[in-house]
Number of protein chains: 2
Amino acid sequence: MRDFAKDHSALALNTATLGHNVESQGAGWSPERVIDACAERGFGAITFWRREIGGRAVEIGERTRAAGLSVSGLCRSPFLVGPLAPPTRQAVLDDFHSSIDMAAGLKAACLTICVGGVVAGTHSMAESLKRVAEIIAEAAPYAAQSNVTLALEPLNPVYGGNRSCLVTVRDAVHLCETIGHSAIAIAVDVYHVWWDLSLGVELKRASAVRIAGYHLCDWLADTRDVLLDRGMMGDGVADLKALRRAVEEAGYTGPCEVEVFSVNNWWKRDPNDVLDICVERFKAVC
Amino acid sequence: MRDFAKDHSALALNTATLGHNVESQGAGWSPERVIDACAERGFGAITFWRREIGGRAVEIGERTRAAGLSVSGLCRSPFLVGPLAPPTRQAVLDDFHSSIDMAAGLKAACLTICVGGVVAGTHSMAESLKRVAEIIAEAAPYAAQSNVTLALEPLNPVYGGNRSCLVTVRDAVHLCETIGHSAIAIAVDVYHVWWDLSLGVELKRASAVRIAGYHLCDWLADTRDVLLDRGMMGDGVADLKALRRAVEEAGYTGPCEVEVFSVNNWWKRDPNDVLDICVERFKAVC
């Protein structure tokens, strides 16, 4: 395993940690200010959210690299199916392509895919995943020609109904194998998989599947809100070292991206303090 | 698969569906009134909660059987580890024994075990499950001599931090195999496992593990409260037929117990209507 106490250049910031995934949350720093603050602290990369980027993808991507960082990712595709997806298949594909274009403009290492919940009327995760596979297979060639990796992210089973019928690494690996396209990879997020004691076995089984991202936070024992009450690393009950070992033993050597949705705690703090604490915890407990 | 449209004698009521698991919820019917209402509608069994029983275990058990029903279970053991467990190991064991005594008095088919969350300081589901295994192994001989089956129930991963470090059927099977005692079995609850596409495979793998209970409800796509907003069968997104097929193919032939925690919907209704709808949905969609 990499030793982050000595070298924290693998540390990446997901700007959701500063509230930038939700309108009027956080301190509202510009991308430029975030880039400079991360560069000062030795972060290696940043993952942005679409709402921060607007029409400035190329500019912000270049600005990030000029500061010595890379763009580790873009959040995210539209929900592809289920109750929160755009209303028609064409609308889904159009927005999916827009998100791919933005990721390409940023030269982001990947685009995060949140697949969406159970398709109305199916009462079936399995059937819903078939629809997901069709849509991703349709978009994959466009992603490949745009040089964008699609990172399928299994979400915590608590979101199975509305946000993601993809809820385990096992199913994500299966989905990748089903689609069988070089533009497809998976993302592993502590918040979503921390409970899964089969993670290491499933990742090892998946030798042909690429891991495109590893996301850090912690699971608070007394989670108050399953969407916006994530913990900072070290404040919860997840076995962070064991989780990282599992992804590294499966060959992952990329950035480790801190992504803490926290409307009542971290988003209320000074971003300078939040970033300092990210560095400290990354070196100490991740 | 059994055909419930023609014969609903496998239907059981968990009295949590009437709010009886929480103080001052529901209409407050006495056990006797619940028994008679279930008997009138052709239910085959009832699972009670400890707070309803008090010192009347033998009496209520006999009353249930006199009405032509069996006692399918008793909810539940104390949390064995984690933040919600009694403060000392002795206090855990004492209350565990009390719950076994009550199940024995009722002649309940099983006692539900909710194992509790991650042990403070461990940051580890795996370590916490080792402590759980020790405590259950210690209580198992007492359960066996009391003729009580201990039904280990994996809970939804959303409860992993505080209520149950046992979150998958896979891990429950492993725990049973680790303890290796004839008094130990597992319970499968739709709310907790509906998302798990590996359920059938894991249950088949577990030929030596007994299934002591199958619990019905539904997962609402837009779940508002992960504790008290369960859906009635048919109102959510779970694949109820596929789930039942998985447990029946693993050899389960016992009662199917409706357990709907629903503070803002079903607990506010007339229990007569709730029970009628349980029967209707059981025959139509389970």
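**Exercises on helix α10, chain symmetry and a histidine**

The buried residues of α10(A) (under 20% relative accessible area, 1.4 Å probe, protein chains only) are A:P271, A:V274, A:L275, A:I277, A:C278, A:V279, A:R281 and A:F282. This is a predicted model, in which local features need pLDDT of at least 70, side-chain atom pairs count only at pLDDT 80 or more, and totals for chains, interfaces and linings use all residues. Residues are numbered from 1 along each chain as written, chains are lettered from A and ligands numbered from 1 in written order, and side-chain values use heavy atoms, without hydrogens and water.

**Exercise 1.** Compare the expected span of helix α10 of chain A with the distance between its end C-alpha atoms.

*Solution.* Helices are DSSP runs (H or I, at least four residues), numbered from the N terminus. The expected span is 1.5 Å times one less than the number of residues. For the 15 residues of α10 (residues 271–285) this gives 21 Å, and the end C-alpha atoms lie 20 Å apart, which agrees.

**Exercise 2.** Determine how chain A is superposed on chain B.

*Solution.* The superposition is by least squares on the C-alpha atoms of residues with pLDDT of at least 70 in both copies. A rotation of 180° with 0.0 Å of shift along its axis brings chain A onto chain B, with an RMSD of 0.0 Å. The two copies are therefore related as by a two-fold rotation axis. Of the residues of chain A, A:V158 comes closest to this axis, its C-alpha being at 3.1 Å.

**Exercise 3.** Is B:H192 buried or exposed?

*Solution.* B:H192, found in helix α7 (residues 190–193) of chain B, is buried, because its relative accessible area is 3%.

How values were computed: Helices (H or I, at least four residues) and strands (E, at least two) are DSSP runs, numbered from the N terminus. Buried means under 20% relative accessible area, exposed over 50%, partly exposed in between (1.4 Å probe, protein chains only).
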